[in-house]
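I opened my notebook to go through this model piece by piece. Here is what I looked up, in the order I looked.

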Amino acid sequence: SWYSVAYGNGVFVAVSNTSTVGATSPDGINWTARTLPAGGWISVAFGNGIFVAATSGTAFISSPDGITWTSRTVPSGNWNAITCGNGTFVAVATGPSTAAVSSPDGITWTARTLPSSSSWASVTYGNNTFVTVAISGGTIAATSPDGSTWTARTLPTSALCSAVAFGNGAFVAVSS
């Protein structure tokens, strides 16, 4: 059950929600299986020279190469997604309203408050802005210039979104 892939330092790193399964690839074609610390990893991001993976529990791990991983301590949460932008890692989780954390290095994490206790499903960075979307709850989108302070946003649809991405100057959110 592969959940997420990230690229950095000349390598792709993929994580799985199947306990300790991971993989690395120099080209996206040839893959080598890797053993990760126990967790069930659901999201991985690259920034500041390291990969950081999040589990839906209270564990994050970091690695410079996707092979050797170190466990990290994060505030309690049901983490769903992680990204890195402008030198800051941000992860979002299913409510409560403090369901976000940020880190300047992927090692030390600070709890952040989102505008509501929605189920935040995805987070991305682009155009100097972090954007998160929710699959349930009162607020279905929020933005932040720094990953610390968040503002509720209204989308042009009432559909709850499961993913958001940035590319070619635009944010795109999709509904399940």
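**Entry: Ser 4.** I checked the accessibility of Ser 4 in this predicted model. Its relative accessibility is 16%, so I put it down as buried, the cut-off being under 20%. Ser 4 sits in strand 1, which covers residues 2-8. I then asked what Ser 4 touches, beyond residues up to four places away in sequence. The list is Val 13, Ala 14, Val 15, Ile 42, Ser 43 and Val 44. For Val 44 I also noted a distance: the Ser 4 side chain reaches the backbone nitrogen of Val 44 at 3.0 Å.

**Entry: a four-strand sheet.** Next I traced the open sheet with strand order 5-6-7-8. Its pairing is antiparallel. Which strands stand at the edges? I found strand 5 (41-47) and strand 8 (70-73) there. Each has a single partner strand, so one side of each lacks a neighbour in the sheet. I read an average turn of 30° between neighbouring strands of this sheet, direction ignored.

I then looked at the pairing of strand 6 (residues 50-55) with strand 7 (residues 59-63). Four bridges join them, in the antiparallel sense. One entry I kept from this pairing is Ala 54, whose bridge partner in strand 7 is Phe 60.

**Entry: aromatic pairs around Phe 60.** I counted eight aromatic pairs in the structure. I took Phe 60 and Trp 79 first. Their ring centres are 5.8 Å apart and their planes stand at 75°, so I logged the pair as edge-to-face. This pair links distant parts of the chain, with Phe 60 in strand 7 and Trp 79 in strand 9 (residues 78-85), 19 residues apart. Are these two residues buried or exposed? Phe 60 is buried at 0% relative accessibility. Trp 79 is buried too, with a relative accessible area of 1%.

I went on to Phe 60 and Trp 109. They also form an edge-to-face pair, 4.8 Å centre to centre with 85° between the planes. Here 49 residues separate the partners along the chain. Trp 109 lies in the loop between strand 11 (100-103) and strand 12 (110-112). At 10% relative accessibility, Trp 109 counts as buried. I closed this entry with the cluster: Phe 60, Trp 79, Phe 89 and Trp 109 belong to one aromatic cluster.

**Entry: nonpolar cores.** The largest nonpolar core has 27 residues. Which of them touch the most other members? I listed Phe 60, Trp 79, Ile 82, Phe 89, Trp 109, Leu 114 and Trp 150. I then looked up which elements give two or more residues to this core. They are strand 6, strand 9, strand 10 (88-94), strand 11, strand 13 (119-126) and strand 14 (129-136). Strand 10 gives the most, with five residues.

I followed Ile 82 in detail. Not counting residues up to four places away in sequence, its contacts include Phe 60, Phe 89 and Trp 109. Ile 82 also touches Ser 43, Val 44, Ala 45, Val 52, Val 90, Ala 91 and Val 123. I noted a second, separate core of 11 residues as well. Among its members are Ala 6, Val 44, Phe 51 and Ala 53.

**Entry: Pro 104.** I moved to the loop between strand 11 and strand 12, where Pro 104 is found. Pro 104 is exposed, with a relative accessible area of 59%. Leaving aside neighbours within four places in sequence, I found Pro 104 in contact with Asn 48 and Gly 87. Asn 48 is 56 residues away along the chain, yet the two C-alpha atoms are separated by 8.4 Å.

**Entry: Asp 146.** My last stop was the loop between strand 15 (141-144) and strand 16 (151-153), which holds Asp 146. Asp 146 is partly exposed, at 34% relative accessible area. What does the Asp 146 side chain reach? I found a polar contact of 3.1 Å with the side chain of Ser 144. The Asp 146 side chain also reaches the backbone nitrogen of Ser 148, at 2.8 Å. Beyond neighbours within four places in sequence, Asp 146 is in contact with Thr 88 and Phe 130. I also checked Asn 127, 19 residues from Asp 146 along the chain. Their C-alpha atoms are separated by 12 Å.

How values were computed:
Residues are numbered from 1 along each chain as its sequence is written. This is a predicted model: local features need pLDDT of at least 70, side-chain atom pairs count only at pLDDT 80 or more; totals for chains, interfaces and linings use all residues. Side-chain values use heavy atoms; hydrogens and water are left out. Buried means under 20% relative accessible area, exposed over 50%, partly exposed in between (1.4 Å probe, protein chains only). Contact means heavy atoms within 4.5 Å. A polar contact is a pair of N or O atoms within 3.5 Å; within protein, one must be able to donate a hydrogen and the other to accept it, and residues adjacent in sequence count only if both atoms are side-chain atoms. Two strands pair if DSSP finds at least two bridges between them. Axes are lines fitted to C-alpha atoms, for helices over the stretch in contact, and angles run from 0 to 180 degrees between N-to-C directions. Rings of Phe, Tyr and Trp (its six-membered ring) pair if their centres lie within 6.5 Å; planes under 30 degrees apart count as stacked, over 60 as edge-to-face and the rest as tilted. A nonpolar core is a set of buried Ala, Val, Leu, Ile, Met, Phe, Trp, Tyr and Cys residues joined through side-chain atoms within 4.5 Å.
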